[in-house]
Each structure stands twice: as C-alpha cells, then as structure tokens.
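Please open the model in your viewer and keep the selection panel at hand, as the tour moves from one selection to the next.

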Amino acid sequence: LLRSTLFPLASAIFACLVGLVGATTPAYAQTQTTDGQSLGPEEVTVRGVKDLRGGASEDSLARAEVRQLPGAFGDPWRAVEITPGFTPVLSGIPYFYVRGAPPGNVGYYFDGVRVPYLFHFGLGPAVVQPSLIARTDIHKGGYPATLGRWAGGIVDATAMPPQEQAHGEGVFRAIDAGGLIEVPFANGKGSALAGGRYSYTAALFTLLASDTTLDYRDYQARIAYAFTDRDSVSLLVFGAYDNATQKELADPQALAAQSGGSVDPSKLPQTRIERTLFSSEFHRADLRWDHTFASGGQTRVAATLGFDRTRVEARRDGDDLMTGFRASIEKPIVKQLIVNVGADVTIDQFGGSPLPAYADDDDIVARQQKIFAERTDYAAGGWVDAIIRPLPEMMVRPGLRYDVFGSGSAQAKALDPRLSARFDATKKLRFFHAYGVATQPPSTPVLLPGITIANLEGGLQRSVQTSGGVEADLPEDFTATVSVFHNAFFGLNDALGTAQVELTDIEKSQTLLAKSRGSAYGLEVGARRKLSRKLTGLVAYTLSRSIRTQDNHDFVSGYDRTHVATLVASYDLGRNWRVGGRYVFYTGVPIARNVPQFPEQAVGQPPERTPFFHRLDLRLEKRWRVGKSGWVAFVAEALNATLSREVTGYRCARELIFPGVTSAPGCVERVVGPISVPSIGVEGGF
Amino acid sequence: MKRALAALLLASCVPADHALPLGSLEFDVKGSHTTNEGLPTTFFAPFDEWTVHVKRVLLAFKTVTIGETNNPDKCSYRGRGAISDVVFDPRYGNTQIFNGLEASDCPDVGFVMQSPDGNTVPGAGATGADVVMLAEGNPAHAYVELTAEKDAQVYEVKLRFDTLKTPSRFGGCTAAEKGVRVVAEKRTTSSIEFAVDAFFRETLDANAVLRFGPFAGADANHDKVITMDELDAITLEQARTLANNATIDPNEPGSAPRNPSDGYHPAPGSTITLFGDFVRAQMKFAFFFDVYGSCIGDDPGTNQDNP
C-alpha cells in the first residue's frame with residue numbers, strides 16, 4: 001500500500017522537478033516487454049524478456065507480434081506505425097511524424113548501424129530481412145544518451161544473436177523471394193549467416209516488353225566467432241539496391257550534340273538510352289569486438305564502412321562514403337548503479353553530381369545544388385549514461401551527450417541532457433517519465449542514401465522532449481498504457497509540415513531549406529493482449545496537436561492529425577489457421593486558406609481539413625508443421641483491402657472579381673489511390 | 001581516391017545514368033524601340049508628320065510554345081516554364097524560361113496570347129485592375145494607349161484588342177532560321193518584341209508606310225480620344241480617303257494629296273472591310289522574333305493558319 005501510494009507521488013514529484021528545470025509538460029513513454037509464447041506450430045522464442053537497463057522511453061515489438069500484424073507484411077519497420085504517437089503522412093506510405101517530429105527527424109538503425117532508407121522504393125518490402133530482426137525498439141523521445149543525432153524518434157532494430165543451431169527461413173511471393181540461413185561452426189563458437197531478397201519484377205517487365213525497368217534486391221551476411229568465453233568478433237555486412245529506369249530512343253540531334261556536334265545526326269544509328277528514374281543503393285560493413293567483463297558489464301569496439309548512392313531524374317546523383325568508429329563500455333559500479341560510457345565518430349564524404357544548371361527550374365537547381373554539394377561531413381561525440389536503482393522498484397537514468405557536427409567549413413556543437421525514470425508502484429502498475437534534448441544536423445524531408453543538406457545550412461535542429469505516463473497490467477492478459485507528451489522543436493527542417501502545398505510541389509517551394517519552430521503535445525493510449533491468447537490484438541490511439549511557427553506566423557503543421565487510431569485483432573481459428581484484421585482511422589490534414597495573389601482575384605476556399613481516412617487490412621495464414629522443427633505457411637495479406645482513397649488536398653479555382661459581380665470559385669478534392677498492396681506468398685522455416 | 005576506394009571495396013551496382021545533358025531556352029518578351037521610346041515625326045514623314053508617345057501597353061500573355069509539329073515528344077521540358085499567364089507592359093518585359101531540354105532543334109516556336117482568366121496574374125508594369133480591364137466585357141488580350149501630336153493637335157488613342165477579332169496565336173517564329181536550337185548546358189536567349197508602330201501601317205506588311213491620318217479622322221465625336229469603336233465605324237475605303245486628305249496642304253484646300261496612299265486594302269482572301277478590323281489584323285505583324293524575324297506562321301502546335 002505504501003509503495004502504491006508512494007511511487008505515484010514520487011513519480012509526480014519527479015515530473016514537477018524536471019518541469020522546473022526546463023521541460024514544460026510531463027509526459028510519458030511506455031515499454032512493452034515480450035514474453036515467450038507458443039503459437040500453434042510456430043515456436044516463438046523471445047530473448048531479453050525484460051530490459052533491466054532501462055525501459056522508460058521505448059516501445060518494443062517482437063518478431064512474433066510483427067508477423068501477425070495485418071498489412072505489415074512481416075516487416076518490423078513497417079509495423080512501427082501501430083505505436084501510439086506515430087502519425088502517418090499518407091496511408092500505405094511508411095513515413096511518419098513521431099510526436100510531431102517529421103519523417104526526416106526519425107532515425108533508423110539496424111544493430112547499431114545507421115540505415116539510410118528502410119523500404120525498397122520507399123514503400124516496398126524492408127531492405128533488411130525481417131527474420132534477421134529479433135526486436136525493434138521505438139524511442140519516441142527522451143531516449144538514453146547512448147542514442148543521438150536525431151531530433152525526433154529513433155527506431156532501433158536489434159539483430160537476432162548468433163544461434164547455436166542451424167536454422168533458416170524463406171518466403172516466396174508473387175513479386176519477390178527472400179530468405180535467410182545461419183549455420184554454426186567450430187562447435188558452436190562461430191556462426192555464419194547469409195540472407196537476402198530478390199525481386200523478379202525486372203524479369204516480369206522484360207517479359208512484358210516494357211521500356212520501364214523496376215528492380216530491387218538486398219543482402220545480409222554475418223560471421224561471428226567467440227574466441228574466448230568472454231570475447232567475440234563479428235562482421236555484419238548488409239545492403240540494398242533499387243533501380244527504376246526507362247529505355248527510350250535517343251534524339252539523334254541530342255546525341256550528335258553530345259559528341260561535340262561534329263557528327264551528322266542523320267548518319268547516326270538509332271540508339272536507345274537508359275534514363276534513370278530513381279536508383280539508390282547502400283552497403284554497410286560493420287566489424288565489432290564484444291567483451292564481457294568477469295566482474296559484470298561489457299564493452300564493444302566497432303568500425304563501420306558504408307557507401308550510399310542515389311540517382312534521380314535529370315542526372316542528379318549523390319553519394320556518400322561513410323566511415324565510422326564507436327566504442328562503449330557498460331559497467332556495474334555497485335549493485336544499484338550501472339554506468340555506460342561511449343564515444344563515436346562518423347565521417348561522411350559526400351560526392352556525386354550536383355544538379356547541373358538548366359536541368360530544372362532555376363530556383364530548384366539553386367536549392368538542390370546546396371543539397372548535392374560535394375563536401376565532408378563529420379559527427380563526433382561522447383556520452384555518459386547511468387542507470388540508478390536505489391530501490392528494486394525504482395529506476396532513474398540520467399545521461400549526457402556531447403556532439404560536434406561539421407559539414408564543409410561549418411561546425412556546430414550540441415550538449416544534450418537526458419533523464420528518464422520508472423517507478424513500479426505495484427507489480428501491475430508502473431509510472432514512466434522521459435525527458436531530453438535531442439540535436440540533429442539539417443535533414444531532408446525523407447531519408448535518401450547519399451543525400452543530406454550540406455554545410456549545416458540554417459544550423460542544427462533541436463528538440464526538447466518530455467513525456468510521462470502509466471502502464472498497468474489488466475486481467476485477461478491485457479496491458480494498457482496512457483501517456484502524455486509535449487515536444488518543442490527549434491531550427492526544424494520540416495518541408496512537409498510547413499510547405500502548405502501538395503507533397504509533389506515541395507520541390508518547388510522554398511521550404512526545402514527553410515527553418516521553423518514548433519511544438520507538439522498529445523495523449524497516447526494503448527492496450528495489448530498477449531499473443532498466447534486465442535484472440536489477441538491491440539488498440540492504439542493518439543490525440544495530438546502539432547504547431548509550427550515560421551516567419552512569426554503560427555499555424556498547424558501540415559500533417560497534424562488530431563486523432564489516429566488503430567485496432568488490431570487476430571484470432572486463432574484452430575487447425576493452424578489464423579485470421580487477422582487491422583482497422584486504421586485518422587483525421588485529415590489541415591489545409592491552409594488560399595490567399596489571392598492580387599486584390600481583384602477570388603480564390604476558392606477549401607475546407608479546414610481533408611476528410612478523415614479509414615482502411616482495413618486483412619491477413620490470413622495457414623501453417624503446417626514439417627518434421628521436428630520445420631514449418632510452412634501460406635499467407636494472404638492485403639493492405640487497404642477496402643480500397644479506400646485518401647484526399648490529400650484541394651484544387652481550387654481562381655476567378656477575377658468584376659465590378660458588381662459576386663464571385664465564389666469552388667474547390668475539388670485531390671485524391672490519391674487507392675494505395676492498396678495485396679500479397680500472396682508461402683513462408684517456411686526450420 | 002575516394003571513388004577508387006569505393007569501387008574497390010564496395011560492390012556498388014546502380015547503373016550509370018545515360019540521360020543526355022540538358023539545356024535551356026529563354027524568351028524575353030519586350031517592347032521594340034518604338035514601343036519603348038515612341039514614334040518620332042520622322043517615322044511618319046513625309047506622309048503626315050505626327051509624333052506618337054506611348055503611354056501604356058498591356059499584353060495578356062499565355063505562353064511560348066516550343067516543339068516540332070509532327071513530333072510531340074521533342075523539346076519537352078522540365079519544371080514550370082515560368083513565367084506564363086501574365087498581363088504585363090512589354091516596356092518592362094516578361095521572361096519565360098524552359099529548362100531541362102535535350103540539345104536539339106525546336107523548329108516550331110510560337111506564342112499564345114489569351115484574354116485573362118482567374119489564373120492570370122499581373123506582371124511587370126501591370127495591376128490587378130489591368131487584368132480585370134482586359135478580361136471584362138468583350139475579353140481582350142492587348143491594350144495600347146498612345147498620345148499623338150502634330151502642331152497644336154493632340155489626340156489620345158486607346159485601343160483595346162478583343163480576342164474574338166484579333167489574332168492571338170503566333171506561330172512559325174523565324175529569324176535567321178526557323179525556330180530555336182537548344183544547346184547542352186547553355187541557355188539560349190531569344191527575343192519577342194512588340195512594336196506599336198504596326199498599327200499605323202497602311203498595309204499588312206512589316207515594312208509598310210506609317211500614317212496617323214485615318215486615326216485622327218476617325219474621331220467622330222471630336223473628343224480627341226480615338227477608340228476602337230470609332231475605328232470600327234469607318235471603312236477601309238474611308239480610311240484611305242482620310243489618309244490622303246491628311247496629306248493635302250492645309251494652305252491649299254482642294255489640292256491633290258502630296259503623298260497619296262494606296263494602302264488600306266484587306267489581305268488576299270480576307271473579308272475585312274472596316275478600319276478597326278484592319279488595325280486588329282496588324283497585331284499579327286506587331287511582333288518581331290530575334291529582332292528582325294517574325295511569328296506569322298502556323299498556329300503553335302498545329303497546322304492551322306492564324307485567324
């Protein structure tokens with residue numbers, strides 16, 4: 001009784017104290033621990049059941065949860081949208097605002113290595129085999145000082161650790177196939193893993209004699225060896241490739257001009273050229289040494305080499321040769337105190353071809369030459385982070401992070417304090433708080449390999465993140481969370497949220513490099529039921545408001561959605577059949593009022609917001625056990641099975657105002673879609 | 001070094017982009033010397049020796065068109081092709097730029113004028129009221145306001161060119177060569193100059209003699225303001241008479257004209273009978289392409305003749 005009253009009180013005092021030193025609104029983040037479970041013939045083993053080092057600032061998704069989520073196609077990164085606080089930009093497009101922070105401020109990591117993009121062609125399958133990802137931690141704010149350089153959230157996927165038994169998984173779908181296999185060696189001291197995905201879209205397009213080529217693939221490989229009981233080395237290599245091109249007959253005159261004009265165009269043979277529409281690739285090699293201390297604790301030293309490249313239309317080309325080093329040590333000092341210290345440096349050498357003059361509108365060329373500029377960027381930093389447990393039911397995690405950013409001749413420094421805490425009032429009731437300052441160099445609206453804004457144009461982006469809440473274990477294996485958050489943003493690059501124009505027109509607006517301030521606050525509610533139940537599922541709801549300030553003008557962010565709700569249900573029909581559905585609902589985006597360009601012009605005025613959107617995703621699975629540990633499954637899945645179409649804006653008429661004549665031009669909806677992704681495939685593993 | 005290392009260590013496999021280098025075309029629509037500076041007496045001498053000052057000129061410009069009539073894929077450009085749909089005073093000019101063009105000939109160049117609509121904006125030297133003035137009533141795409149002086153006589157000329165009767169599509173722009181050539185990684189500039197002197201020509205010809213006499217004589221209400229309605233009130237034959245009368249020595253009334261006009265005839269095949277329509281038809285010859293060329297060919301993008 002004492003604890004159940006003491007800790008809520010302590011939690012409130014904690015929030016107030018933190019509020020006094022800078023945070024504005026107590027807020028919340030939740031944690032979701034994952035328990036082992038048996039799901040029909042699929043044996044699910046979840047490791048690291050409870051993160052004793054923290055758990056105050058992140059949500060976690062286990063592989064088994066992701067696999068059963070309709071419309072996620074088994075991709076952990078796509079599944080993050082079920083987390084409260086995530087606001088979609090557009091249905092089916094896996095880019096999100098996280099507690100008001102734009103998609104470009106959300107960082108993605110795979111086993112500690114930065115990933116420049118997550119999905120083939122932005123909305124296709126994930127660039128890393130889902131079966132390689134054991135767990136996905138979603139840090140929405142106030143995260144530990146070990147993480148940084150993103151002003152919004154961080155999604156950190158943890159690779160499945162090396163296994164002592166050979167295992168593999170594979171999937172065959174209508175458009176691609178992928179798989180993964182891992183084999184131990186040296187009596188289990190080592191393991192070798194290889195995986196990848198290959199699309200047959202290129203072959204399909206060739207069969208259809210199409211001039212367009214669409215091709216994607218990815219690869220992952222890991223070799224790990226434990227040369228002592230306490231020391232292991234591993235090399236993780238992964239990468240992805242996307243390519244969309246169009247073949248066309250070259251204009252002989254243009255060809256002749258390219259050769260200096262000395263050739264008679266009429267004598268040139270017919271030539272087909274392949275024009276890039278969109279191509280991108282990234283490659284990563286991460287070599288690491290892990291050591292466990294006899295007295296407890298661990299250290300990791302790692303080096304990363306990477307290469308990124310993006311090519312887009314009009315001969316735009318950006319690339320980045322990345323080298324990085326990082327070292328960290330985590331050591332329990334006493335039973336109640338664990339200290340985590342680390343440092344890292346990342347050097348990005350950006351190159352490529354800047355958008356040539358005259359390749360597009362002059363203002364677009366000028367802006368994009370700033371983005372595609374050749375230069376060297378670096379980020380070096382260090383952090384110290386302590387996990388303090390004065391009582392078994394109480395955890396406080398202060399941290400401090402210092403970063404130096406450089407790009408070309410520009411340099412900037414950042415000192416980011418962090419603080420999170422968890423109070424276990426009872427075994428079934430927990431209070432959480434997470435506060436922090438997060439800093440990031442200027443960013444583009446979405447992540448693309450080899451492309452960032454150069455020379456720290458406009459300065460660093462900063463956010464002050466505050467959150468707090470409560471989590472309760474309920475009867476019938478339900479867990480519920482309620483939290484509030486309030487984030488403040490400074491020097492933000494939020495072209496999407498501030499452009500006040502259609503998504504496709506952003507390139508033409510000044511907002512690509514413009515800065516804004518802003519804030520976001522809201523309420524998040526979540527409830528889940530354990531996967532081990534016959535009927536399982538979750539509910540996620542976010543009530544929020546996101547504001548931007550630009551040129552002393554306050555307005556609602558372009559992707560502010562007041563209500564975002566997801567309802568997921570999955571039911572075990574028996575005989576290894578499982579059916580599931582996901583219902584997604586969200587409020588439309590605000591639409592700016594049209595301003596006439598001159599007094600004699602009348603412009604149609606759209607509604608204040610686009611209509612709400614809702615869709616239904618479905619999933620059906622049948623599994624068969626094969627042998628002792630093998631399984632095969634047939635999976636039919638559809639994102640947006642209801643073929644819902646989304647209104648993204650309005651096209652409004654303009655009329656001239658004639659004397660004595662009343663003018664009332666109207667508006668028509670701009671509709672996208674339906675963006676619907678059906679998928680039928682066979683999965684298997686052993 | 002960086003690239004070599006990257007190529008050696010990493011299997012980067014995105015293919016090279018074979019897209020051809022791109023160039024740009026710029027079209028400066030502006031006033032000719034006569035539009036900018038007016039017409040001194042020498043322009044009318046020795047026929048009727050008036051001096052014309054330009055007070056206001058408005059053009060409702062839609063867009064320049066580039067391409068090859070029989071090859072719609074040619075000369076396609078990227079971007080907005082700014083600045084189009086604008087009402088402007090050619091003495092201040094308006095520039096339209098097309099970027100992202102492959103190096104090639106674009107033989108069919110023209111431009112379109114159009115009475116303003118809701119998407120038209122005021123450009124240099126124009127106001128929103130000017131846009132409305134052209135759009136309201138019988139929509140027009142050009143307006144010219146001049147002052148003509150001779151001895152103690154002063155006339156104001158206010159001509160509003162309605163789109164229904166006035167040529168508004170100008171194709172086949174030709175100077176030294178037909179059309180324009182896009183050069184890779186360069187911007188090629190062309191000019192389209194509007195010449196107000198065209199409206200004073202006695203024939204439909206860019207080199208015709210200029211006369212103000214028929215305009216002065218058309219001032220039926222003697223308010224010293226000459227409008228298109230007044231020009232529509234006289235026939236071409238009357239205009240020719242007025243032109244001839246203007247060259248009769250005032251000290252010898254009834255004498256023969258010193259420099260009689262043989263102009264003011266409709267073009268072959270034309271049904272023009274009114275002086276107002278004759279002046280409107282001069283619009284087709286009022287633009288010079290690259291200083292000495294013209295845009296009097298087919299409509300842009302079609303094989304249709306101009307109206």
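Buried area is the accessible area, taken with a 1.4 Å probe, that two parts lose on being put together, summed over both. Applied to this predicted model, that definition gives about 4,200 Å² buried between chain B and chain A, with 57% of this area on carbon and sulfur atoms.

**First stop: the interface**

Begin by selecting the residues at which the two chains touch: 48 residues of chain B are in contact with 55 residues of chain A. Across this boundary there are six residue pairs in polar contact, both members being at pLDDT 80 or more, and the count of salt bridges between chain B and chain A is one.

Now restrict the selection to the chain B side, where the elements that give two or more residues are helix 1 (2-9), strand 1 (22-31), strand 4 (94-102), strand 7 (121-122) and helix 4 (128-135) of chain B. If you colour the residues on this side by character, they divide into 22 nonpolar, 13 polar and 13 charged.

**Second stop: the salt bridge between the chains**

Which residue of chain B forms a salt bridge with D362(A)? Select R187(B) together with D362(A), and you will find the closest N and O atoms of the pair 2.7 Å apart. R187(B) lies in strand 12 (residues 187-194) of chain B, whereas D362(A) lies in helix 6 (residues 362-371) of chain A, so the pair joins two chains. If you then display the salt bridges over all chains, the count comes to 55.

**Third stop: the enclosed space**

Leave the interface selection and turn to the cavities, of which the structure holds ten of 30 Å³ or more. The largest cavity contains about 290 Å³ of space, and to find its centre you can select F73(A), G74(A), P130(A), V171(A) and E683(A), which are the closest to that centre among the 24 residues that line this cavity.

Next, show the secondary structure around the largest cavity: helix 2 (63-67), strand 10 (167-173), strand 32 (630-639) and strand 36 (677-685) of chain A are the elements that give two or more residues to the lining. Which element provides the largest share of that lining? Select strand 36 of chain A, which contributes five residues.

As a last step, colour the whole lining of the largest cavity by residue character, and its residues divide into seven nonpolar, eight polar and nine charged.

Conventions:
Residues numbered from 1 in each chain as written. Chains lettered and ligands numbered in written order. Predicted model: local features only at pLDDT ≥ 70, side-chain atom pairs only at ≥ 80, totals over all residues. Heavy atoms only, no water. Contact = heavy atoms within 4.5 Å. Salt bridge = Lys/Arg side-chain N within 4 Å of Asp/Glu carboxyl O. Polar contact = N/O pair within 3.5 Å; in protein donor to acceptor, adjacent residues only side chain to side chain. Helix = DSSP H or I, 4+ residues; strand = E, 2+ residues; numbered from the N terminus. Nonpolar A, V, L, I, M, F, W, Y, C, P; charged D, E, K, R; others polar. 1 Å grid on protein atoms, 1.4 Å probe; cavity = no way out; pocket = protein on both sides within 12 Å on 5 of 7 lines; lining within 4 Å. Points joined across faces, edges and corners; volume = space filled by probe spheres on them.
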